[in-house]
Amino acid sequence: MNVKYLKERARKRLSVLFLALLMPWCVGADLNAQRVSNEIRIERHKPVPMRDGTILYADVYMPAKPGKYPTIISRTPYGQQRDGSHEIMTKFARAGYAVVFQDVRGRYESDGKWEPFRDEAKDGFDTIEWAAKQPFSNGKVATQGGSYLGHNQWQAASQAPPHLVAAFPSLASTNIYANWLTMGGAFRLSFNYGWGVVRMPNRIMLPQYWHTADFTPEELKYENILMHLPLKDGDLKSANSPVQHYRDWIRHESYDEYWKAISDEERFDKVKVPTYSSGGWFDIFVMGTINGYVGMRNKGGTPESRKEARLIIGPWGHGPSKSFGGVDFTDAAYISQTDMELRFFDYHLKGIKNGLEKEKPVKLFYMGANQWREEDDWPIPGTKFTPYYLSADGPANSVRGAGVLSQLKPAGAGTDTYRYDPQSPVPTTGGNNCCGTPTSSGPRDQRPLEQREDVLVYTSDFLEKPIAIAGPVKMKLHAATDGPDTDWMIKLVDVHPNGFAMPISEGILRAKFREGLDKMKLLTPDQVYEYEIELTGTANVFKPGHRIRVDITSSNFPQFDRNPNTGEPLGSSTKTRVARQTIHHGGPRASQIILPVVRDLND
């Protein structure tokens, strides 16, 4: 046999073997290149018929190469022209997805009447099933988007559309009444007015600057408009036009059938697909983010949907960031929302094993330590719900007072009193705000508020060891007021060694909802009641040298409307009255905040 031929054959065999060994890496490289470099095309103004004949319109982004692709649907009331939207949809298309980006009913290019929240379930179902049958789709559909777009996902998923495979609702309410319109029954005035009346009354989103600009006359400035009574016709103070959905919200003051009909929390058992809930500790909808995960983990409509439910919460407001509210949470805090979504969609729609299946279902950012940690569930297994009791050797009014917070239950009974005047409410400073009239949000320093005599301040000793908390926070408050109704506003604060008072959780309860959000029962004046007040979930490490603080007051304006202390139906009061508030602590009426203490991050 020719020696030259044998050498050439051996060389070819080695080359084939080398290529065979290299092939998996080449394929992986090609797939990765394809994911980030697909040429795309956009088809504008695609008509999508709804079951009642109404036509909604969508833009479709997809890879330029003809084919059938897994499909992502995003349904928005904010218009397809909104800054950032085109970039996100392009990124999905370049990654190998067809994307249907649709204006919801009655907004921008879509036909029909705009009624916030009321049509999103059936319209979402119809859009999903329409998309799955299009030539560009392989029949596997997921949903995407945050805020109102996240709520849309829950609404559609609750209808169990056959072609829906997964949903990624971020920054989303799951109960429009309980964690959008109100908190603890208190009306979110800043959000509901700025979003519902000024920005979103009709077909297109309007600017707010006519209430904030330098040229704005005094009578149109927000600080004057929001003080208007009665609240029910406050919409006229903006553009002299009634806004029907705003008036409907005020008329349906409690969690009645009007709200239950659109509540996702009533229908988690109908959702049959994996969901990923994403949110921020300072987002206005953080309780919806948490409830979405907990609801699906415990009540999801299939074993897979329960097992595959996921949750991530960062130190963010209404979207991921590195710093928020004047606090830098370090580079570790920021995670790209789109990258999170793509990884989730790759796993569930493309079957790519990208490590998601190996991760724990809950990922939390612990403020204070500025670290992420994966957890097995929410609440975290093994959490010690630890009471911290209020007490005082003298008046607890303001930071100058004698209010004490301690794990030791005080034997002696005591009281603290303050005067709540709705004409001089405690101003909103930080907290869980977004998207309405301009109000500060996030971990803003509470010291200016803690100078007020109508704020009770209870502070622990300096900590010798770190205390890590993560989970739900609850206040058990024994209190009385001299009228038929009032509000109780609670803040949990991490006091730094330099005095910076950083709020990490907050909650409010309108007293007449003490027996449930679907029950309204006025108070007997001066009678002491025990109130359970739910605060926003949180994760924080109180470090050595820090102190734990609880602030109590009766207003947070304009984040919430002022309770006029009259007991009249929401929005009907034309006058206010000053309330005398009494907080009881110690003895048989041991007011306490219950903190979810977990293992140290170093354990």
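Okay, let's start with one pair of residues: Asp-494 has Met-502 as its bridge partner, and Met-502 sits in strand β21. Keep in mind that what we're looking at is a predicted model.

So where does that pair belong? Strands β20 and β21, the latter covering residues 501–510, run antiparallel to each other, and nine bridges join them. Together they make a hairpin with five residues between the strands, and there Gly-499 takes a positive phi near 100°.

Now, β20 has another neighbour too. With β23 it pairs over seven bridges, again in the antiparallel sense. One example you can find on screen is Lys-491, whose bridge partner in β23 is Asp-551.

Is β20 buried or exposed? Buried: nine of its nine residues are, so the strand is largely enclosed by the rest of the structure. And that goes for both faces. On one side you have Asp-487, Met-489, Lys-491, Val-493 and Val-495, and on the other Trp-488, Ile-490, Leu-492 and Asp-494, all of them buried.

Next up, the holes. Here's the idea: if you roll a probe the size of a water molecule over the atoms, you see where empty space is left. Searching the whole structure turns up five cavities of 30 Å³ or more.

Let me take the second largest cavity, at about 100 Å³. It is lined by 14 residues, and the ones closest to its centre are Val-426, Leu-449, Lys-491, Asp-551 and Thr-553. Which elements give two or more residues to that lining? They are β20 (487–495) and β23 (547–553). And yes, Lys-491 and Asp-551 are the bridge partners I mentioned a moment ago. By class, this lining splits into seven nonpolar, four polar and three charged residues.

The largest cavity has a volume of about 190 Å³. Its lining has 20 residues, with Asp-561, Arg-562, Pro-564, Leu-570 and Gly-571 nearest the centre. Here the classes come out as seven nonpolar, six polar and seven charged.

Last stop, a helix. How many of the 11 residues of α6 (residues 189–199) are buried? The count is 11 of 11, so this helix is largely enclosed by the rest of the structure. Among those buried residues are Phe-191, Tyr-193, Trp-195 and Arg-199. What covers them includes the helices α4 (148–157), α5 (176–181), α7 (222–225), α8 (236–239) and α9 (244–251), plus the strand β8 (186–187).

That's my tour, thanks for listening!

Technical notes:
Residues numbered from 1 in each chain as written. Predicted model: local features only at pLDDT ≥ 70, side-chain atom pairs only at ≥ 80, totals over all residues. Heavy atoms only, no water. Buried < 20%, exposed > 50% of the residue type's maximum accessible area, 1.4 Å probe, protein only. Helix = DSSP H or I, 4+ residues; strand = E, 2+ residues; numbered from the N terminus. Contact = heavy atoms within 4.5 Å. 1 Å grid on protein atoms, 1.4 Å probe; cavity = no way out; pocket = protein on both sides within 12 Å on 5 of 7 lines; lining within 4 Å. Points joined across faces, edges and corners; volume = space filled by probe spheres on them. Nonpolar A, V, L, I, M, F, W, Y, C, P; charged D, E, K, R; others polar. Pairing = 2+ DSSP bridges.
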